[in-house]
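Work through the exercises below with the sequence and the 3D view open. Each task is followed by a solution in steps.

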Amino acid sequence: MPSSAVLNPGAVVLDHELLELVSGLVCILREGNVIFINQAGIKMLGLTNAADAMGSAFVEYVEADYRFLVEAGWDLLAEEDFLPLKLHRTGNEMFEAEIRVRRVQSPDELFLVEARDISKFVRSAEALREREERLQGVLASVAEGIITVDEQGLIESANPAVDRMFGYGPGKLVRQHIGVLMAENLREHHQDMFGKYLGGALRLMGRSVESLGRRADGSMFPMEISVAELRHGKSRLFTGILRDISERKENEDRIKRLAHHDNLTGLPNRNLLNDRISHALARVRRHGGRMAVLYVDLDKFKPINDTLGHEAGDAVLREVAQRLTTCIRSSDTVSRVGGDEFVIVVEEIGRPGEASMVARKIIDSLARPVTYMTHECQIGASIGVAIFPDDGATMEDVCKAADVAMYRVKHAGRNGFCFYSESTPQDEIDYDATVV
């Protein structure tokens, strides 16, 4: 568009013809009044023809809240580029517009006004802003951490869940390397995996991997990572979804522990006992030697339950479990296999006398009363001992032999121990006669 519409009287017609080619509104003003308006302007303002606008003040087409711009003077507006405001169509329909004013070099004080309807752009921008606000609202409310990372591993954005999860302030993670969120001993591994993916040697997308996250205070927690790739022009961006799986891991550990440990005492249950016996048996067969199984059945336990109640019985069992644990080595196993029945596996004994020492420790340990509230609960233990491979070719045979030996102690007076044999005389049972 030429910068002037009227250069001389002979050029007016030609200039007007050129102005009609402009797709936006074009007006020529004298003292603020319209002396020319093109067809695009007539249509934009909802006029019937140019005569409807001739002589009218252009300010009449400006929405009231924006009239102060015009009233400040056309000379001031001529110094600005496109300015946003709102115009009226016939019938008071309002629309978003941009105008630009330029002084026309002529004998008269003329101004050229250009305007374009930007309603569609404004609506698109508002819709985009609303979508962005909704997206930001979703990102702010989800529990999962969501980050975007560039090809150099630098964080470009992080939602509030990431800040909460890792203990960083808002925006503090932006432009930091993704490695700050990883355990130090895993950073090199993750960087190597990322490099292999960028080089096409590894597939990462669509997979979830578990790792250790590192908070701002240095504490660690288990997390799950899912990664997706985004194409942004010629560059590549990566979106990571991070989940704190501490609670899930705790539940898994709890379930696993319940499956392998006694809920009351925390000792290994029969399942874990069998597993440990299998491993111990494999070691004995591989390296030779012996292992002992001690079957421990408590004496005088039922009267405690009957007179003081099950809470007292549970307290006694927990105390017995602790005392039995102190009587064995860390490589040995003590397990609760029934109400008041325990099995102890003593690995790698050089001679049966070593099993006798463990049994004697147990008898002495349980000789001390167990205090429950104000009551002194006196118990004892009948212990049967069997040796592998002396008393059986399989651990099932050895465990049965220990059980048989334990019942012989029970029948002989309780609170003692003896080794299994085909026929164990009563005088070979070692028992403490102080406990009846």
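A residue counts as buried when its relative accessible area is under 20%, and as exposed when that area is over 50%. The model is predicted.

**Exercise 1.** Decide whether arginine 323 is buried or exposed, and find the polar contacts of its side chain.

Solution.
1. Locate the residue: arginine 323 lies in helix 11, residues 310-326.
2. Apply the cut-off. The relative accessible area of arginine 323 is 7%, so the residue is buried.
3. Look for side-chain partners. Arginine 323 and glutamate 319 are joined, side chain to side chain, by a polar contact of 2.9 Å.
4. Look for backbone partners. A polar atom of the arginine 323 side chain lies 2.7 Å from the backbone oxygen of arginine 368.
5. List the surroundings. With neighbours within four places in sequence left aside, arginine 323 is in contact with Ser365, Leu366, Arg368, Pro369 and Val370. Arg368 is thus in this list and also supplies the backbone oxygen of step 4.

**Exercise 2.** Determine whether the end-to-end distance of helix 9 agrees with its number of residues, then describe its two ends and its buried residues.

Solution.
1. Helix 9 covers residues 270-287, which is 18 residues.
2. The expected span is 1.5 Å times one less than the number of residues. For helix 9 this gives 26 Å, and because the end C-alpha atoms are 25 Å apart, the two values agree.
3. At the N-terminal end, asparagine 269 acts as a cap, with a side-chain oxygen 3.1 Å from the backbone nitrogen of asparagine 271.
4. After the helix comes glycine 288, with a positive phi near 85°.
5. The buried residues in helix 9 are Leu272, Leu273, Ile277, Ala280, Leu281 and Val284. An α-helix has 3.6 residues a turn, so residues three or four places apart point the same way.
6. Among the elements that cover these buried residues are helix 8, strand 11, strand 12, strand 13, strand 16 and helix 13.

**Exercise 3.** Find which backbone oxygens the side chain of serine 335 reaches.

Solution.
1. Serine 335 belongs to strand 12, residues 333-336.
2. Its relative accessible area is 0%, so serine 335 is buried.
3. The serine 335 side chain reaches the backbone oxygen of proline 268 at 2.7 Å.
4. A polar atom of that side chain also lies 3.5 Å from the backbone oxygen of asparagine 269, the residue that caps helix 9.
5. Beyond four places in sequence, the contacts of serine 335 include Arg270, Leu273, Glu341, Phe342 and Val343. Leu273 is one of the buried residues of helix 9.

**Exercise 4.** Identify the strands that pair with strand 1 and the bridge partners of arginine 30.

Solution.
1. Strand 1 spans residues 25-30, and five of its six residues are buried.
2. Strand 5, residues 110-117, pairs with strand 1 in the antiparallel sense over six bridges.
3. Strand 2, residues 33-37, also runs antiparallel to strand 1, joined by four bridges.
4. Arginine 30 has a bridge partner in each: leucine 110 in strand 5 and asparagine 33 in strand 2.
5. The hairpin of strand 1 and strand 2 has two residues between the strands, and glutamate 31 there has a positive phi near 55°.

**Exercise 5.** Describe the hairpin of strand 3 and strand 4.

Solution.
1. Strand 3 (residues 83-88) and strand 4 (residues 94-104) run antiparallel, with six bridges joining them.
2. Within this pairing, alanine 97 of strand 4 stands opposite leucine 85.
3. Five residues separate the strands; glycine 91, in the turn, has a positive phi of about 95°.

Notes
Residues are numbered from 1 along each chain as its sequence is written. This is a predicted model: local features need pLDDT of at least 70, side-chain atom pairs count only at pLDDT 80 or more; totals for chains, interfaces and linings use all residues. Side-chain values use heavy atoms; hydrogens and water are left out. Buried means under 20% relative accessible area, exposed over 50%, partly exposed in between (1.4 Å probe, protein chains only). Two strands pair if DSSP finds at least two bridges between them. A polar contact is a pair of N or O atoms within 3.5 Å; within protein, one must be able to donate a hydrogen and the other to accept it, and residues adjacent in sequence count only if both atoms are side-chain atoms. Contact means heavy atoms within 4.5 Å.
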